[in-house]
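Okay, everyone, thanks for coming. Let me put the structure up on the screen, and then we'll walk through it together.

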Amino acid sequence: MLTRPIAKINLGLNVVERRPDGYHNLETVFYPVPICDALEVFEMDSQFPSAFDCDLKVTNIHIDGDEQKNLVVRAYNLLKQDFPALPRIHAHLYKGIPTQAGMGGGSSDCGFMITLLNQMFQLGLSDQQMINYAARLGADCAFFILNKPCYAEGIGERLEPIALDLSGWYLAVVRPAIPVSTKEAFSLITPQHPTVNCRDIVMQPVETWRDRLTNDFERSVFALHPEIGAIKERLYDLGAVYAAMSGSGSSLFGLFRQPVSLDEFNDEGTFKTIIPLD
């Protein structure tokens with residue numbers, strides 16, 4: 001069975017308070033965008049000599065670390081605890097979503113894996129049950145069960161679908177080859193509630209967003225990496241109506257009325273694309 005995990009952007013991201021458990025409560029709007037991975041799952045032959053119940057192969061983009069710690073495998077193992085009859089599987093993950101980008105690639109793989117297993121093996125899980133599983137594995141994972149524009153609170157697991165439609169806009173994404181430490185970015189933020197909630201701002205015309213819709217991570221990340229902040233300004237120079245960093249970076253995105261050339265962003269390792277939003 002084949003599925004295509006999609007990416008997300010954050011339209012506003014405000015860190016509003018530090019929690020007793022060390023995490024932070026956020027306010028953000030998640031918006032799904034058609035930049036995709038491909039995830040294929042099929043049952044493992046009973047005679048196949050695998051040491052693992054979920055045998056994962058990742059291709060196209062190298063990801064450091066043990067593949068058995070990948071969120072795809074962790075999603076399988078979490079469901080396996082409650083559904084012990086779940087058969088052993090092979091999983092092939094073709095990465096098209098840039099990594100360390102603030103676009104939810106790993107979280108999307110996790111959410112889509114839960115949904116795929118539910119469908120493929122008829123587990124009978126509701127959306128809310130799948131959201132609960134996903135939230136146990138990562139802050140953004142729950143959004144990728146719904147895959148529709150949502151206002152999110154908590155660590156990103158409390159979701160409220162909203163009627164936001166960016167059809168007709170062009171989305172430009174530039175992810176420089178600059179790693180950003182999410183832990184370090186959080187450490188430089190002083191949590192506070194914004195004057196106006198991002199949910200209310202995004203219901204206004206995009207043309208009004210520039211000076212109102214903010215990502216709290218930009219200040220700390222741009223201070224650490226001025227070259228990331230320079231990309232945002234260049235997107236505005238190219239004609240973006242709105243531009244921002246997604247998540248904790250390092251991807252920057254811009255919303256354009258017309259397609260533009262991104263040829264100037266040609267540093268080695270940089271991911272860049274411009275796509276129409278449907």
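So, a warm-up: in which loop is Q100 found? Have a look along the chain. Keep in mind that this is a predicted model.

Got it? Q100 is in the loop between β6 and α2. I picked that residue for its backbone: phi is positive there, about 50°, although Q100 is not a glycine. And is Q100 buried or exposed? The cut-off for exposed is over 50%, so Q100, with 56% relative accessibility, counts as exposed.

There's another residue like that to find. N147 isn't a glycine either, and its phi is positive too, near 55°. Look for N147 in the loop between α4, residues 143-146, and β7, residues 150-153. N147 has 24% relative accessibility, so this one counts as partly exposed.

Okay, on to the sheet. What order do the strands come in? Reading across, we get β1-β4-β6-β5, which makes an open sheet of four strands with mixed pairing. At the edges sit β1, residues 2-3, and β5, residues 54-59, and each of those pairs on one side only. In general, strands of a sheet pair through backbone hydrogen bonds, and they can be parallel or antiparallel. Here, β1 and β4 run antiparallel, and two bridges join them. If you want a spot to zoom in on, find L2, which stands opposite E40 in β4.

Now add the helices. α1 packs on the sheet and touches β4, β5 and β6, and its direction makes about 160° with that of β5. α2 lies across β1, β4, β5 and β6, running at about 35° to β4.

And how do the helices meet each other? α1, residues 71-82, and α2, residues 105-120, pack at an angle of about 35°, with their axes 8 Å apart. That crossing is right-handed. On the α1 side, the contact is made by L71, V72, A75, Y76 and L79, while α2 brings residues including C110, M113, I114 and L117. Sort the contact by class, and you get nine nonpolar, two polar and one charged.

One last stop, further along the chain. Which kind of peptide bond joins G249 to S250? That one is cis, with omega near 10°. To find it, go to the loop between β10, residues 242-245, and β11, residues 252-256, where S250 lies.

That's my tour. Any questions?

Notes
Residues numbered from 1 in each chain as written. Predicted model: local features only at pLDDT ≥ 70, side-chain atom pairs only at ≥ 80, totals over all residues. Heavy atoms only, no water. Axes fitted to C-alpha atoms, helices over the stretch in contact; angles between N-to-C directions. Left-handed = near helix turned anticlockwise from the far one by under 90°. Contact = heavy atoms within 4.5 Å. Nonpolar A, V, L, I, M, F, W, Y, C, P; charged D, E, K, R; others polar. Pairing = 2+ DSSP bridges. Buried < 20%, exposed > 50% of the residue type's maximum accessible area, 1.4 Å probe, protein only.
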